[in-house]
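This report describes selected parts of a molecular structure for a reader who has not met it before. The account follows the structure shown here.

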Amino acid sequence: MSNERNKSTTFPPRVISEIHRAAGEGIYEIRGGGAKRSVPNFDDLVFLGASMSRYPLEGYRERCDTDVTIGARHASKPIKLDIPITIAGMSFGALGANAKQALGLAATAMGTSTTTGDGGMTQEEREASKTLIYQYLPSRYGMTPDQLRQADAIEVVVGQGAKPGGGGMLLGQKITDRVAEMRTLPTGIDQRSACRHPDWTGPDDLEIKIRELREITNWEKPIYVKVGATRTRYDVTLAVKAGADAVVVDGMQGGTAATQDVFIEDVGIPTLPAVRLAVEALREMNMHREVQLIVSGGIRTGADVAKALAMGADAVSIGMAALMALNCNAPLYEEDYTALGTTPGDCHMCHTGRCPVGITTQDPELEARLDPEEGARRVRNYLSTLTMECQTLARACGKSHVHNLEPEDMVALTVEAAAMAQVPLAGTDWIPGSS
Amino acid sequence: METFDLSSAEVRDLNRRLQMRDGDDGERQFRVLHPNGAHALAAGLTHPIDVTIEGHTGYYCAGMNQEATVTVNGNAGTGVAENMMSGMVRIRGDVSQSAGATAHGGLLVIEGDASARCAISLKGADVVVQGSIGHMAAFMAQAGKLVVLGDVGADLGDSLYEAQIFVRGTVASLGADCVEKEMGETHLAALKSLLAQAGLDADAGSFRRYGSARQLYNFNIDNAGSY
């Protein structure tokens, strides 16, 4: 009893441990992954399945479509996807080539897209991916006009949920000869990525940059703008005014290969309110469904997908969950987790390059633990499961297309989620902040 | 010689022609009239053609150039020759910010002055400026050369990687991890060659050379304040 009374909520063991670490090392903690703190999320919403006043569609039998077209606003060759679940941008460098290939193969098999990252496009990834989105990042590492033309769409990255306002990192142990050559850097250095684009600042410039990208790619490619979730209403508005065909909003639960822990945990807003703010911004401009909204950051289940779509997203994007489908944090090679000072389930050692399951590594021996074909099968299964779960929920709400889900189909289990998602608290008509 | 008058033609049609999107018919000389500060002029070129623009250009003129030679008889806006891969771009006047940003190859010659962030994140191209340049030049520049015949603003070469910088005039201040380095014979020869390619008459021996001290290449507590 006395022990409990002596425990400080201001200085719990993890805080004390971090102070001890900082005092010993003199530098911030760098890690991979996304926010681990508890934030309001899609678990705090539930669907109101059909009953007397609405009737459901027959599960497994009645049609419930999942296709989505992205980028028809200005691009002459918009992206057509079979499912509204895409693979998020992750670099070759942060991930090994086998992981990138596996993601590409799985996305292709499921009729969806995958995305490059810092450092440009690898040939393996291009060949494995029927639909490949090319990230246009502040660092421009490995970015060439030939690769822009080889892509199916271009994603101008302004920021990401794990570190809005910050640039990426790739520590020296992952800067192998191949990664270094692709990025025009010396092998083995700790690579820092710029946090803002080198040749434009602000939305007025972005409009001109987007026009340049269209001129260089013959006005064919859809152009996405990706923002980390912060001032989401304004960011989405400005992205649309700058001419984006699609906007990607990445909430604070979104992952990264490496950045400061303080960035991951203390910058940005959760995905839940970000979706609502983005949809409101699009509706205010009469651009909802005209400019597609892709939501990422902590999407894990088909229920998360369905809830994001019900709030008004056109598609979602998954990063960390896709890596978990590849066996990230699986209880395999446990001695290697131990060597990293972690355990399966808690590992965020992506930045070390010593990934026990061969995903976030450039070490040939570790990378060999991930077979691209087997990895692709697992990710395909996972994407398939997400899609079926999402369809199940849509049918239960009587919808013949997953995009027909709407906020009216949901209620919130907490006051916070009700306020953030702007749906009623369960059992009431109360929407905090609007009623 | 084929002439485009942008007082009546569209930028989109100009670029489509210069990019030879409808096939290469062998024409190699192009002249552009009345650019009036339009953006993305001669962007994304891929063929060894000569393009002369008679007047001032907006943002991203000759952006991502491959193979082509582009001459602007006027001033150029932000990001001229950004991410150039090869070829040559010559600006007879002054240029705005981020000239030659992230350029991988080729040669950018600026006969006037350049504003801030000239050669930012340079990745292998060469940039020669006959006049003076603003602050944060060659920030995070990775490879290639920046040559300045005039003066340079504050924080030159901040967070520099392996790009080399040659300056004849004064430097207001050096950025983090940028230091003056010895001018060896090979550096002198490279500089002379570059000046000759740029068509500029200057004594290579009157320049000073700057490069990375390589102290920020790997995280070190002692340098934490510089990251």
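## Helices and strands of chain A, and the sheet of chain B

In chain A, the buried residues of helix 10 pack against helix 8 (232-241), strand 12 (246-250), strand 14 (292-296), helix 11 (302-310) and helix 16 (415-421) of the same chain A. The model is predicted. Of the 14 residues of helix 10 of chain A, 11 are buried, so the helix is largely enclosed by the rest of the structure. Among these buried residues are A:T271, A:L272, A:P273 and A:A274, and also A:A281 and A:L282. Just after helix 10 of chain A comes A:N286, with a positive phi of about 55 degrees.

Helix 7 of chain A also has many neighbours to describe. Its buried residues pack against helix 5 (145-150), strand 8 (153-157) and strand 11 (223-228) of chain A, together with helix 1 of chain B. The buried residues of helix 7 of chain A include A:L206, A:I208, A:L213 and A:I216, as well as the charged-type names A:K209, A:R211, A:E212, A:R214 and A:E215. After helix 7 of chain A follows A:N218, whose phi is positive, near 60 degrees.

The table sets out the lengths of these two helices.

| Helix | Residues | Number of residues | Span, first to last C-alpha | Expected span |
|---|---|---|---|---|
| Helix 7 of chain A | 202-216 | 15 residues | 21 Å | 21 Å |
| Helix 10 of chain A | 271-284 | 14 residues | 20 Å | 20 Å |

Strand 11 of chain A, one of the elements packed against by helix 7 of chain A, has 6 of its 6 residues buried, so this strand is largely enclosed by the rest of the structure. In a regular strand the side chains alternate between the two faces of the sheet. On one side of strand 11 of chain A lie A:I223, A:V225 and A:V227, and on the other A:Y224, A:K226 and A:G228; both faces are covered.

Strand 11 of chain A runs parallel to strand 8 of chain A, to which 4 bridges join it. Strand 11 of chain A also pairs with strand 12 of chain A, in the parallel sense, over 5 bridges. A:Y224 takes part on both sides: A:E155 stands opposite A:Y224, and A:A246 in strand 12 of chain A is a bridge partner of A:Y224.

Chain B contains 2 helices and 11 strands. Along the sequence these follow the pattern β-α-β-β-β-β-β-β-β-β-β-α-β. The radius of gyration of chain B is 18 Å, close to the 17 Å that the globule rule gives for 227 residues, so chain B is as compact as a globular protein of that length. The C-alpha trace of chain B spans about 60 × 35 × 25 Å along its principal axes, and 53% of the 227 residues count as buried.

The 11 strands of chain B form an open sheet with mixed pairing, in the order 1-2-3-4-5-6-7-8-9-11-10. Strand 1 (2-5) and strand 10 (178-181) of chain B stand at the edges with a single partner strand each, so one side of each has no neighbour in the sheet. Within the sheet, strand 2 (residues 29-33) and strand 3 (residues 50-54) of chain B pair in the parallel sense over 5 bridges, and B:Q29 stands opposite B:D50.

Where the chains meet, 36 residues of chain B are in contact with 22 residues of chain A. Helix 1 (11-18) and strand 7 (123-129) of chain B are the elements that give two or more residues to this side of chain B. Its residues divide into 15 nonpolar, 15 polar and 6 charged.

Conventions: Residues are numbered from 1 along each chain as its sequence is written. Chains are lettered from A and ligands numbered from 1 in the order in which they are written. This is a predicted model: local features need pLDDT of at least 70, side-chain atom pairs count only at pLDDT 80 or more; totals for chains, interfaces and linings use all residues. Two residues are in contact if their C-beta atoms, placed from the backbone, lie within 7 Å. Two strands pair if DSSP finds at least two bridges between them. The radius of gyration is taken over C-alpha atoms; the globule rule is 2.2 Å times the number of residues to the power 0.38. A residue is buried if 20 or more other C-beta atoms lie within 10 Å of its own, exposed if 12 or fewer, and partly exposed in between; C-beta atoms are placed from the backbone. The expected span of a helix is 1.5 Å times one less than its number of residues.
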